[in-house]
Amino acid sequence: MTVTENPTAALAATALTELVTAVYRETLGVPELDEHGDFYEWGGDSLAAFRITARLEEALGVEVPVALVFAYPTPADLADVVRTDFAQA
């Protein structure tokens, strides 16, 4: 797969961060959560992590391992790693 064929490559950094933040807000039920809001501090658990990755996979068309939510707990950090990892695919 080339970068131009990858759905995440077409997303601007800001758009991907906004998408991930929106998914966190909806999944965790915290409308005021921003891109630096911590998954753990806002009550995230394993079920929420699976919901987040499922929503992102649906929106982006790529597999997002649930471990990434735990390793990169803010929307900004998760968006950065998803963009970096999958834009290279």
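Which residues of the largest nonpolar core touch the most other members? This tour of a predicted model comes to them after a look at the whole chain.

**The whole protein**

Show the protein as a cartoon. There are 4 helices and 0 strands, so the order of elements from the N terminus is α-α-α-α, as DSSP runs define them. Of the 89 residues, 42% are buried. Now turn on the surface: the protein exposes about 4800 Å², and 54% of that comes from carbon and sulfur atoms. Contacts also reach across the sequence. Among those between residues at least 6 apart, 59% join residues at least 24 apart.

**Helix 1**

Select residues 13-28, which form helix 1. With 16 residues at 1.5 Å a residue, helix 1 should span 22 Å, and its end C-alpha atoms are indeed 22 Å apart. Next, colour Leu16, Thr17, Val20, Thr21, Val23, Tyr24 and Leu28, the buried residues of helix 1. They lie on the same side of the helix, because the arc they cover around the axis is only 160 degrees. Turn to the other side of helix 1 and pick out Thr14, Glu18 and Glu26, which are exposed.

**The end of helix 1**

Select Leu28, which lies in helix 1. Is leucine 28 buried or exposed? Its relative accessibility is 15%, and the limit for buried is under 20%, so leucine 28 counts as buried. Leaving aside residues up to four places away in sequence, leucine 28 touches Leu33, Phe39, Trp42, Gly43, Gly44 and Ala48. Add aspartate 45 to the selection: leucine 28 and aspartate 45 are 17 residues apart in sequence, with their C-alpha atoms 9.3 Å apart in space. Then step to glycine 29, just after helix 1, where phi is positive at about 70 degrees.

**The core**

In soluble globular proteins, nonpolar side chains tend to be buried together. Here, the largest nonpolar core has 23 residues. Select Tyr24, Phe39, Ile52, Leu56, Leu78 and Val82: these touch the most other members. The elements that give two or more residues to this core are helix 1 (13-28), helix 2 (46-60), helix 3 (67-71) and helix 4 (75-87).

Finish on tyrosine 24. What does tyrosine 24 touch, not counting residues up to four places away in sequence? Show its contacts as sticks: Gly29, Leu33, Phe39, Ile52, Val69, Tyr72, Pro73, Thr74, Pro75 and Leu78. Leu33 and Phe39 have already appeared on this tour, as contacts of leucine 28.

Technical notes:
Residues are numbered from 1 along each chain as its sequence is written. This is a predicted model: local features need pLDDT of at least 70, side-chain atom pairs count only at pLDDT 80 or more; totals for chains, interfaces and linings use all residues. Side-chain values use heavy atoms; hydrogens and water are left out. A nonpolar core is a set of buried Ala, Val, Leu, Ile, Met, Phe, Trp, Tyr and Cys residues joined through side-chain atoms within 4.5 Å. Buried means under 20% relative accessible area, exposed over 50%, partly exposed in between (1.4 Å probe, protein chains only). Contact means heavy atoms within 4.5 Å. The expected span of a helix is 1.5 Å times one less than its number of residues. The arc is that of the directions from the helix axis to the C-beta atoms. Accessible areas come from the Shrake-Rupley method with a 1.4 Å probe; for residues, only the protein chains shown count as cover.
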